[in-house]
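Subject: Handover of a structure, with notes

Dear colleague,

I am passing on the structure below, and I would be grateful if you could read the notes with the coordinates open beside them.

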2 protein chains.
Amino acid sequence: MEKPAKGEQTRALIVETALRLFRELGYDRTTMRAIAKEAGVSVGNAYYYFPSKEHLVQGFYDQMAEAHRRACAAVFDADADFTSRLTALLLAWLDVSAPYHEFAVQFFKNAIDPNSPLSPFSTESGNAREAAIAIHRRLLDGVKVDPQLREDLPELLWLFQMGVVLYWVHDKSEGQRNTRTLIKRSAPLIGKLLTMSRVPGLRSLTREAVQLFRDIGLSRLG
Amino acid sequence: MEKPAKGEQTRALIVETALRLFRELGYDRTTMRAIAKEAGVSVGNAYYYFPSKEHLVQGFYDQMAEAHRRACAAVFDADADFTSRLTALLLAWLDVSAPYHEFAVQFFKNAIDPNSPLSPFSTESGNAREAAIAIHRRLLDGVKVDPQLREDLPELLWLFQMGVVLYWVHDKSEGQRNTRTLIKRSAPLIGKLLTMSRVPGLRSLTREAVQLFRDIGLSRLG
DNA sequence: CACACGAGTTGAACGCGTTCAAAAGGGGGA
DNA sequence: TCCCCCTTTTGAACGCGTTCAACTCGTGTG
């Protein structure tokens, strides 16, 4: 009753083997049979612990998310302005993810499916999503923004990050330098937009946009 | 030499059967074996004409695009303003696509893959993409916009439409009324933003954004 | 000690998309 | 008529993700 450690051990062995093969061969070329053989278990045994091949990828996400969180903590400078922080956050993500660019495609292909457990909007990845949004919340610490926006901004910025990811996945330029350009030049734009959102002419526009965002639950799609 | 009509006949038979089964069963539940059997040919024969199951979906896209083009032509009012037209365009798309919402997911899951021939950014769907952008170009006929923006605006609006599609795919609200809300309320926002993009304070911001859009080739990802 | 029971494990089998060597047509010269 | 060559057609076979009835094993119970 107290220590069913056996199961956890097998579970860990399987997920570690899977992640290693994903790295070495990519997602599609890594077969469940290969994972099982390499881990010294049967195919059926892998399915005893993981409902599908996709579920094995969740481990990958978790690793990357944790690496990103650490990278951000190291790079968030207390007295840095919004633009610098946003740039740092996104570039940190890029650095963490770069090694996996060529086969990340195969993940996102599944992740875009609303029914997939890997979808960033699914209930299953709710924790990961919350953690990611929390990073954006920390990004805003000490930054002066329209209080009307403050509450929703972390989610909005997270959505923007999802957009950058989407571009990154499609980015075929060498070393994904186009994505770097996108980040370095769009972050200042967002910064300026944020500043401007408080001037009279734009204030009502901002308000309407935020209200729409809330009404259609853009970040609560699952 | 002059009339290899036989092949075209078989080809048409296969694609028609496939689309019918897609409608009746959805994409995943429609097997290549079922398509072949229903069309009275062998599986291999289907692969003689179509390299993969995905390629059969292209026919679906073409049908929907054509229906959307016609719907827009009927609804574009010569003296209507930008906002009305954009709203009309997007709602027309929604009406055309609504019947296929529940299994459109299965298409887009594949379409998001940059390597897929179904990707809206792929060379294979270049014609379809150009046609879609052309609709947005017609949308702008007679509309006064910043000349700096004019050239890129059709592509930018098309990208926005892709975003709406992405939301629609995930939209689980009854009859996708959330997507209707998104369209009806975001179109005016874009209209206002377009107007404002010419005032001094925003002009430089707009210019920078457009330049970034051009530099990273957002609509030329294939 | 025997037994039962649940957690863990097995591998054959299923249905799928896809491939390919081989066969079948079918029309234009000799 | 026969032959050739190219287009079209066939269906068995492959490898994949996934399922499941059957088996093993360790442990607590009578």
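The notes below take up aromatic rings, charges over rings, and the surface near DNA strand C.

This is a predicted model, in which local features need pLDDT of at least 70 and side-chain atom pairs count only at pLDDT 80 or more, while totals for chains, interfaces and linings use all residues. Residues are numbered from 1 along each chain as its sequence is written, chains are lettered from A and ligands numbered from 1 in the order in which they are written, and side-chain values use heavy atoms, with hydrogens and water left out.

Rings of Phe, Tyr and Trp (its six-membered ring) are taken as a pair if their centres lie within 6.5 Å, with planes under 30 degrees apart counted as stacked, over 60 as edge-to-face and the rest as tilted. On that basis there are 10 aromatic pairs over all chains. One of them joins A:Tyr48 and A:Tyr49, whose centres are 5.0 Å apart and whose planes stand at 90°, so this pair is edge-to-face. With buried meaning under 20% relative accessible area, exposed over 50% and partly exposed in between (1.4 Å probe, protein chains only), A:Tyr48 is exposed at 65%, whereas A:Tyr49 is buried at 18%.

B:Phe121 and B:Trp158 form an edge-to-face pair as well, 5.8 Å centre to centre with 85° between the planes. Because B:Phe121 lies in the loop between helix H6 (101–111) and helix H7 (126–139) of chain B, and B:Trp158 in helix H9 (residues 153–170) of chain B, the pair ties together parts that are 37 residues apart in sequence; helices here are DSSP runs (H or I, at least four residues), numbered from the N terminus. B:Phe121 is buried at 14%, and B:Trp158 is buried at 2%.

A charge sits over a ring if NZ of Lys or CZ of Arg is within 6 Å of the ring centre and within 35 degrees of the ring normal. The charged end of A:Lys53 is placed in this way over the ring of A:Tyr27, 4.3 Å from its centre.

Turning to the DNA, 19 residues surround strand C, the closest including A:Ser42 and B:Arg33, where near means a heavy atom within 4 Å. For polar contacts (N or O atoms within 3.5 Å), a backbone N or O atom of A:Ser42 lies 2.8 Å from a phosphate oxygen of DNA strand C, and a polar side-chain atom of A:Tyr49 lies 2.9 Å from a phosphate oxygen of that strand.

With best regards

Conventions:
Helix = DSSP H or I, 4+ residues; strand = E, 2+ residues; numbered from the N terminus. Polar contact = N/O pair within 3.5 Å; in protein donor to acceptor, adjacent residues only side chain to side chain.
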